[in-house]
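Visitor: Please choose one part of this model and take me through it closely. I would like to know which contacts connect that part to the rest of the chain.

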Amino acid sequence: MSAWLLLIGAILSEVTATLSLRGALDHSALYVVVVAGYALSFGFLALVLRRGMGLGVAYGIWAACGVVLTAILSALLFGEAFTVLKASGIVLIAAGVAVVEIGSHRARGTVDARSDGSDGSVAADAPHAPDALGAAEPARRREDA
């Protein structure tokens with residue numbers, strides 16, 4: 001399953017849990033859905049990260065979509081106000097996630113271009129080896145005399 005489908009699963013299960021939290025105020029049996037939804041959401045999110053999606057991108061999209069969907073659905077399901085100010089916030093959230101996503105792609109392209117190893121140097125994103133205390137130590141470039 002692709003990381004994007006798993007991310008959609010994480011978003012939908014988180015929104016379901018959040019909406020159920022509101023519904024549980026009147027129907028306490030919905031707390032089961034709350035706990036299961038959040039657990040499922042974090043499980044999906046972990047799988048997304050395992051498939052290589054960057055944390056900033058995955059979390060940004062997950063959180064932003066959760067906020068947007070929850071705001072819209074709570075207005076529809078619970079009659080909460082949906083104001084121009086709220087709609088403006090949703091637009092700003094969407095723009096922020098888009099900027100993070102674009103920045104992630106540009107940064108990845110820059111790192112990929114620098115890490116081809118053609119000049120014999122170690123790239124900034126080279127794997128780090130743990131030192132004797134277990135802390136990551138950057139790989140060092142050997143200086144040839």
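Guide: What follows is a walk along helix 3 and its surroundings, starting with the whole chain.

This is a predicted model, in which local features need pLDDT of at least 70 and side-chain atom pairs count only at pLDDT 80 or more, while totals for chains, interfaces and linings use all residues. Residues are numbered from 1 along each chain as its sequence is written, and side-chain values use heavy atoms, with hydrogens and water left out.

The chain holds four helices and two strands (DSSP runs numbered from the N terminus: H or I of at least four residues for a helix, E of at least two for a strand). Along the sequence they follow the pattern α-α-α-α-β-β. Of the 145 residues, 26% are buried (under 20% relative accessible area; exposed is over 50%, and partly exposed lies in between, with a 1.4 Å probe and protein chains only).

Helix 3 itself spans residues 55-78. An unreviewed UniProt entry annotates "transmembrane region" at residues 30-49, 56-78 and 84-104; the positions are given in the numbering used here, feature names are shortened, and such annotations may be inferred rather than shown by experiment. The model is 100% helix and 0% strand over residues 56-78, with the end C-alpha atoms 31 Å apart. Residues 84-104 also come out as 100% helix and 0% strand, and there the end C-alpha atoms lie 30 Å apart.

Let us begin just before the helix. G54 sits in the loop between helix 2 and helix 3. With a relative accessibility of 34%, G54 is partly exposed. Its C-alpha atom is 8.0 Å from that of S104, although 50 residues separate G54 and S104 in sequence.

Moving into the helix, we come to the rings. A pair of aromatic rings is described by the distance of the centres and the angle of the planes. The structure has two aromatic pairs (Phe, Tyr or Trp rings, the six-membered one for Trp, with centres within 6.5 Å; planes under 30 degrees apart are stacked, over 60 edge-to-face and the rest tilted). One of them joins F42 and W62, a tilted pair with 5.7 Å from centre to centre and 50° between the planes. Because F42 belongs to helix 2 (residues 31-50) and W62 to helix 3, this pair ties together parts that are 20 residues apart in sequence. W62 has a relative accessible area of 9%, so W62 is buried. Y59 and W62 are tilted too, because their planes meet at 45°, with the ring centres 5.5 Å apart. Y59 and W62 are three residues apart in helix 3, so about one helical turn separates them. Y59 has 47% relative accessibility and is therefore partly exposed. Through these ring pairs, F42, Y59 and W62 make up a cluster.

W62 also brings helix 1 into the picture. G9 lies in helix 1 and, at 16% relative accessibility, counts as buried. The C-alpha atoms of G9 and W62 are separated by 9.7 Å, while the two residues are 53 positions apart along the chain.

Next comes the other end of helix 3. L77 belongs to this helix and is exposed, because its relative accessible area is 56%. L77 and L19 are 58 residues apart along the chain, with 8.8 Å between their C-alpha atoms. As for F78, R22 lies over the face of its ring, 4.7 Å from the ring centre (a charge sits over a ring if NZ of Lys or CZ of Arg is within 6 Å of the centre and within 35 degrees of the ring normal).

R22 has another partner. Side chains of opposite charge can pair when their charged atoms come close. The model has one salt bridge (a side-chain nitrogen of Lys or Arg within 4 Å of a carboxyl oxygen of Asp or Glu). It is formed by E80 and R22, whose closest N and O atoms are 3.7 Å apart. The pair links distant parts of the chain, with R22 in helix 1 and E80, 58 residues away, in the loop between helix 3 and helix 4 (84-114). E80 has a relative accessible area of 33%, so E80 is partly exposed. R22, at 32%, is partly exposed as well.

To retrace the contacts: W62 pairs with F42 of helix 2, and R22 lies over the ring of F78 while forming a salt bridge with E80.
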